[in-house]
Amino acid sequence: MDRSKVQRRPKYDGDESPPPDFDGGDEDHGAGEVDGGDQTPFAGGKVRRKASRFREHRGDYLHVSTRPGLMRILEKQGDTPILFADKVLKFTGSGKMKRRIFILTDFAIYLIDPETEAMTRRIALAAVEKMCLSKLSDNFFAIIIPTEYDLFMASTRKTELVQVMVDVTKSASDYELEVLLSNRFEYNASASLVKEVSFEESEGGIKTKFKWK
């Protein structure tokens, strides 16, 4: 079964509602340019928007240190250095979209419900094998976790998020996190469901297709 999705702001066919706007997002959803000279994990192989290439990165876009509910979650885990924090969209195994707060520390990824400020998932960075992204100018990415089910999400600050993930993994261990750039890749949407996602340029945006494997 295939579902086609066309993105400028992402547009979804069928009975799914469109994703809500990101708060504070400032990336241009227009055409990107091939970046051939930087030393980022993309290594010149990905089309990047000018906004993502020249944005000044802040890391914590949610001011987590001023939010007691979020700080309690991190302090309970003994994990308070905040390297990146922002709102993202998480795609469930059934294809539904949920808002999540994404917090990255030097030990783990935290996904938190923004309405209740309850932690929905914690993933140790040591469990992350790689990240998958298309070569096009979109907001989607997958985090591959072999011992668990994977994450497929969208972020208006994807470039920064991926860079920080690579940097913290490299500084905390003896290996560099793999970043796979491909317009077609698979991920485990749940413990028993594998999906293939493909990306292609089309008139007016980027078409994203999902296939159940």
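Start by selecting Glu 117, which sits in the loop between S7 and S8. Its phi is positive, about 55°, although Glu 117 is not a glycine. At 24% relative accessibility the residue counts as partly exposed, because buried would mean under 20%. Keep in mind as you click around that this is a predicted model.

**Colour by confidence**

Before going further, switch the colouring to pLDDT. The chain averages 80, and 73% of the residues score at least 70. Now select residues 1–39: the pLDDT there is below 50, yet this stretch has 110 contacts in the model beyond near neighbours in sequence. Residues 49–56 are also below 50, with 25 contacts of that kind.

**Zoom out**

With the whole chain on screen, you have 3 helices and 15 strands to find. Buried residues make up 52% of the 213 residues. Turn on the surface if you like: the accessible area comes to about 10,300 Å², and carbon and sulfur atoms own 47% of that. As for how the chain folds back on itself, take the contacts with a separation of 6 or more: 52% of them join residues 24 or more positions apart.

**Walk across the sheet**

Next, show the strands as ribbons and look for the open sheet of 8 strands. Going across, the order is S8-S7-S6-S5-S11-S10-S9-S12, with mixed pairing. S8 and S12 (178–181) are the edges; each has a single partner strand, so one side of each is left without a neighbour in the sheet. Look along the sheet and you can follow the twist, which averages 30° from one strand to the next.

Pick S10 and S11 (residues 151–154) for a closer look. This pair runs antiparallel over 4 bridges. To see the register, select Phe 140 and look opposite: there is Ala 154 in S11.

**The helix on the sheet**

Now select H2, residues 68–76. Which of its residues are buried? They are Gly 69, Leu 70, Met 71, Ile 73 and Leu 74. Show their side chains and you'll find that these buried residues pack against S5 (82–91), S6 (97–105), S7 (108–112) and S8. The helix direction makes about 145° with that of S7.

Then look just past the helix: H2 is followed by Gly 78, whose phi is positive, near 65°. Step back to the loop between H1 (50–54) and H2 and select His 63. Here is another positive phi, about 55°, on a residue that is not a glycine. His 63 counts as partly exposed, at 48% relative accessibility.

**An arginine in an edge strand**

Select Arg 121, in strand S8 (residues 119–124). Is it buried or exposed? With a relative accessible area of 7%, Arg 121 is buried. So what does its side chain make a polar contact with? Draw the distance to the side chain of Glu 148 and you should get 2.9 Å. Beyond its neighbours within four places in sequence, Arg 121 is in contact with Ile 109, Tyr 110 and Leu 111, and also with Ile 145, Glu 148, Tyr 149, Asp 150 and Leu 151.

**Inside S10**

Move over to Ile 143 in strand S10 (residues 140–144). At 0% relative accessibility, Ile 143 counts as buried. Display everything it touches, leaving out residues up to four places away in sequence: Phe 102, Ile 109, Val 128, Lys 130, Met 131, Asp 150, Leu 151, Met 153 and Met 165. For one more distance, pick the C-alpha atoms of Ile 143 and Cys 132: they are separated by 6.5 Å, with the two residues 11 apart along the chain.

**Last stop: a buried serine**

Finish in the loop between S9 (130–133) and S10 by selecting Ser 134. How accessible is Ser 134? Its relative accessibility is 0%, so it counts as buried. Show the polar contacts here. A polar atom of the Ser 134 side chain lies 3.1 Å from the backbone nitrogen of Leu 136. The side chains of Ser 134 and Asp 138 are also joined by a polar contact, at 2.3 Å.

Key:
Residues are numbered from 1 along each chain as its sequence is written. Side-chain values use heavy atoms; hydrogens and water are left out. pLDDT is the predictor's confidence in each residue, from 0 to 100. Contact means heavy atoms within 4.5 Å. Helices (H or I, at least four residues) and strands (E, at least two) are DSSP runs, numbered from the N terminus. Buried means under 20% relative accessible area, exposed over 50%, partly exposed in between (1.4 Å probe, protein chains only). A polar contact is a pair of N or O atoms within 3.5 Å; within protein, one must be able to donate a hydrogen and the other to accept it, and residues adjacent in sequence count only if both atoms are side-chain atoms. Accessible areas come from the Shrake-Rupley method with a 1.4 Å probe; for residues, only the protein chains shown count as cover. Two strands pair if DSSP finds at least two bridges between them. Axes are lines fitted to C-alpha atoms, for helices over the stretch in contact, and angles run from 0 to 180 degrees between N-to-C directions.
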